[in-house]
Amino acid sequence: MTKKTLLSIATAFSATVVACPPAVARDAAPSAVAVSAAETVVPDDVQWGPLNAARGDASPRAGNLWGDRTAPGASGFLVKFDEGFASPPHIHNVTYRGLVIEGLVHNDDPAAANMWLPAGSFWTQPAGESHITAAKGTSNLAYIEIQDGPYLVKPADEAFDNGERPINVDPSNFVWLDASDIDWLKLPDSAETGSTPQMAFLWGNPQPGELSGTLLKLPAGYSGEIHGNGSPLRAVVIQGTVGHSQTGGNEEKVLPSGSYFGSTGSAAHKITNSADGESIIYIRSRGAFTVR
């Protein structure tokens, strides 16, 4: 059976969400007292290695943004594919989520026709399901995230059904919500339509204490802050270029697509859309974060 494109990924979520604490390092619950600490990683700083040790230096290559994909615990990492890459049928020991940052990626059942996911697309791959992965862009880059490592590649004859089902979502099928739909966005009454951020929910349950993944779209020229609420917050620039600094802290750093910023504790991230058009950030949080 081929995967079906999910048409309305955010329609099941309530329009009013109560603010609560964000994301996680190893998916640990927030401690009673969390010390604020922020970090950034740009693609030039990533240490690349094999995604599949059996392939050595051959494509695909991977580099950690946060956590360690080769060890127990949650992690997020970049994967780059050579043009024309196509894997044999295989499975993974863990479920993963992916976002295309650059190029075109196909991820589906071995017998499925090619369904190329462009930049900005989202997909999931359940543990144990046999599938292939391919790329055909001149340059292909994706962000991959797992709940618990290590991330392993295994032969298709070890396939099993863990009860989860995969999805492929083209960017045209995201449902974008603004401040009139969701109270995570704290904007002045004078804000003009089209000049304010929007959100699209991808996975999970955006309720207190629960993990979820969200896209945040910033209009051209936008400047504001992302506020965490105690637990770790993980963010990856999927499209565009973002200026980032920790409020009251370090100088602004330019983060191109593929960059990461994150924090523990109740950190506030000052962000500026430095691109000519829209920029999009993926944010993993436990409960809500706020944008103001």
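How many helices and strands does the secondary structure of the protein chain come to? Zero helices and 22 strands. Keep in mind that this is a predicted model, and then let's take a walk through it.

Start with the chain as a whole. It has 292 residues, and 51% of them count as buried. Take the contacts between residues at least 6 apart in sequence: 75% of those join residues at least 24 apart. We'll meet an example of such a pairing further on.

Now for the inside. The largest nonpolar core is made of 24 residues, and Leu 65, Leu 99, Phe 122, Tyr 143, Leu 202, Leu 215 and Tyr 282 are the ones with the most contacts inside it. Quite a few strands chip in two or more residues, among them E3, E6, E10, strand E14 (211–218) and E21. The top contributor is E13, which gives three residues. There is also a second, separate core of 23 residues, and Trp 184, Ile 281, Ile 283 and Phe 289 are included in it.

Next, look for empty space. Rolling a probe the size of a water molecule over the atoms shows where such space is left. A search of the whole structure turns up one cavity of 30 Å³ or more, and about 30 Å³ of space lies in this largest cavity. Its lining is formed by Arg 97, Gly 98, Leu 99, Phe 122, Tyr 143, Glu 145 and Tyr 282. Two elements give two or more residues to that lining, namely strand E6 (96–102) and strand E10 (140–146), and E6 has the largest share with three. Sorted by class, the lining holds four nonpolar residues, one polar and two charged. Some of these names should ring a bell: Leu 99, Phe 122, Tyr 143 and Tyr 282 line the cavity, and they also appear among the residues with the most contacts inside the largest nonpolar core.

The largest pocket is another place to stop, with a volume of about 300 Å³. It is lined by 20 residues, and those closest to its centre are Phe 85, Ser 87, His 90, His 92 and Val 153. Strand E4 (75–81), strand E5 (90–92) and strand E11 (153–155) each give two or more residues to the lining. E11 supplies the largest share, three residues. By class, the lining of this pocket splits into 13 nonpolar, five polar and two charged residues.

From here, zoom in on a stretch of chain around residue 60. Ser 59 sits in the loop between strand E2 (49–50) and E3. Is Ser 59 buried or exposed? It counts as buried because its relative accessibility is 8%, under the 20% cut-off. The side chain of Ser 59 reaches the backbone nitrogen of Asp 82 at 3.0 Å. Leaving out residues up to four places away in sequence, Ser 59 touches Lys 80, Phe 81, Asp 82 and Phe 85. That last one, Phe 85, is one of the residues closest to the centre of the largest pocket.

Something else to spot here is the peptide bond from Ser 59 to Pro 60, which is cis, with omega near 5 degrees. Pro 60 is found in the loop between E2 and E3. The peptide bond from Gly 149 to Pro 150 is cis as well, with omega near 5 degrees, and Pro 150 lies in the loop between E10 and E11.

Step on to Arg 61 and you are in strand E3 (residues 61–66). At 19% relative accessibility, Arg 61 is under the 20% limit, so it counts as buried. Its side chain is joined to that of Asp 57 by a polar contact of 3.2 Å. Beyond residues up to four places away in sequence, Arg 61 touches several others, including Trp 48, Pro 50, Leu 78 and Lys 80. Lys 80 is also touched by Ser 59.

Finish with Ser 285, which has its place in strand E21 (residues 279–286). Its relative accessible area is 0%, so Ser 285 is buried. A polar atom of its side chain lies 2.7 Å from the backbone oxygen of Gly 287. And here is the example of a far-apart pairing: Ser 285 and Leu 211 are 74 residues apart in sequence, yet 5.7 Å apart in space, C-alpha to C-alpha.

Methods: Residues are numbered from 1 along each chain as its sequence is written. This is a predicted model: local features need pLDDT of at least 70, side-chain atom pairs count only at pLDDT 80 or more; totals for chains, interfaces and linings use all residues. Side-chain values use heavy atoms; hydrogens and water are left out. Helices (H or I, at least four residues) and strands (E, at least two) are DSSP runs, numbered from the N terminus. Buried means under 20% relative accessible area, exposed over 50%, partly exposed in between (1.4 Å probe, protein chains only). A polar contact is a pair of N or O atoms within 3.5 Å; within protein, one must be able to donate a hydrogen and the other to accept it, and residues adjacent in sequence count only if both atoms are side-chain atoms. Contact means heavy atoms within 4.5 Å. On a 1 Å grid over the protein atoms alone, a cavity is a set of points where a 1.4 Å probe fits but cannot get out, and a pocket is an open set with protein on both sides within 12 Å along at least five of seven lines; lining residues have an atom within 4 Å of a point. Grid points are joined across faces, edges and corners, and a volume is the space filled by probe spheres set on the points. Ala, Val, Leu, Ile, Met, Phe, Trp, Tyr, Cys and Pro count as nonpolar, Asp, Glu, Lys and Arg as charged, and the others, Gly among them, as polar. A nonpolar core is a set of buried Ala, Val, Leu, Ile, Met, Phe, Trp, Tyr and Cys residues joined through side-chain atoms within 4.5 Å.
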